[in-house]
Amino acid sequence: MDALIASIPGVRGAQAYLYEGSGGLAVIDPGYTGSFRAVLRFLAEHGRAAQELRWVILTHHHVDHGGTALALCQATGARLALHADDAPYLVPGRPRERMTGWGLIDVIPAGLAQYLMTCAACETTRLYEGDTIAGLRVIHAPGHTPGSICLFAPEESALFLGDVLNNQRGLARPPWTVNYNHRRAQRAPLRLSGLTFERAYFGHGSPLLHDASGLIAGYLGARLHLQ
Ligand SMILES: [Zn+2]
Ligand SMILES: [Zn+2]
């Protein structure tokens, strides 16, 4: 089967992607609360049954990437996966830090909180550096959040970067105001050194479709080794 990467339109928050490699059908970062409907619509439009979705994978826990994750899992039977270091943010008692997007849940009425915190009761598959999930290799690049990851698709020569870098007005690292640890977030893209990939897909901004690793290396001012 040919591998497939598609941006999912109509998702609010971060950009959501459908990926299908040798490991089955996966959605990466389904978006803000309520966006699961846009994902289901997209699957239907492409002639795919909702039950074909095997994985919902989060590049990190922020609500604009994962707010709708549990709703999508419940609607499809897919499993939710994210890095082990971000998993604690999706359950009650999560760390209280700025920009988690979930801290709000503790101060609003329970009925509303249930609607917002859609991952509260979700059992997650915890990912670690070097794991392969749905044909994607996990690259742990902490800083923006403790469990921020990139996902490498060797079959497609493609990399999903989440918020490790964005491409909204050219390549950029996330600003300190949204980072768990800004110093580490600044260094996180260096984790990509040595990786060669043609295409890059960001949580925010347009994809790079040619020589993406070269362009990113140029941005970082570092020379990447050819594989
Ligand atoms: Zn984001
Ligand atoms: Zn983020």
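The largest nonpolar core here takes in 59 residues, and Ile 57, Cys 150 and Leu 151 are those with the most contacts inside it. Please keep in mind that this is a predicted model. Below is a quick tour of that core, an open sheet of 6 strands and the helix H3, which is largely enclosed by the rest of the structure.

**The core**
- Cys 150, one of the residues with the most contacts inside the core, touches Ile 139, Ala 141, Leu 159, Phe 160, Leu 161, Gly 162, Val 164 and Leu 192, leaving aside its neighbours within four places in sequence.
- In soluble globular proteins, nonpolar side chains tend to be buried together.

**The sheet**
- The 6 strands follow the order E1-E2-E3-E4-E5-E6, and their pairing is mixed.
- Strand E1 (4-8) and strand E6 (124-127) form the edges, each pairing on one side only.
- On average, neighbouring strands of this sheet are turned by 25° against each other, direction ignored.
- E3 and E4 run parallel and are joined by 4 bridges; Leu 25 has Leu 53 in E4 as its bridge partner.
- Helix H1 lies across E1, strand E2 (16-21), E3 and E4, and runs at about 135° to E1.

**Helix H3**
- H3 spans residues 69-76, and because 6 of its 8 residues are buried, the helix is largely enclosed by the rest of the structure.
- Those buried residues are Ala 69, Leu 70, Ala 71, Leu 72, Cys 73 and Thr 76.
- Their cover includes strand E3 (24-28), helix H1 (36-45), strand E4 (53-57), helix H2 (63-66) and strand E5 (79-83).
- Gly 77, just after H3, takes a positive phi of about 85°.

Methods
Residues are numbered from 1 along each chain as its sequence is written. Chains are lettered from A and ligands numbered from 1 in the order in which they are written. This is a predicted model: local features need pLDDT of at least 70, side-chain atom pairs count only at pLDDT 80 or more; totals for chains, interfaces and linings use all residues. A nonpolar core is a set of buried Ala, Val, Leu, Ile, Met, Phe, Trp, Tyr and Cys residues joined through C-beta atoms within 7 Å. A residue is buried if 20 or more other C-beta atoms lie within 10 Å of its own, exposed if 12 or fewer, and partly exposed in between; C-beta atoms are placed from the backbone. Two residues are in contact if their C-beta atoms, placed from the backbone, lie within 7 Å. Helices (H or I, at least four residues) and strands (E, at least two) are DSSP runs, numbered from the N terminus. Two strands pair if DSSP finds at least two bridges between them. Axes are lines fitted to C-alpha atoms, for helices over the stretch in contact, and angles run from 0 to 180 degrees between N-to-C directions.
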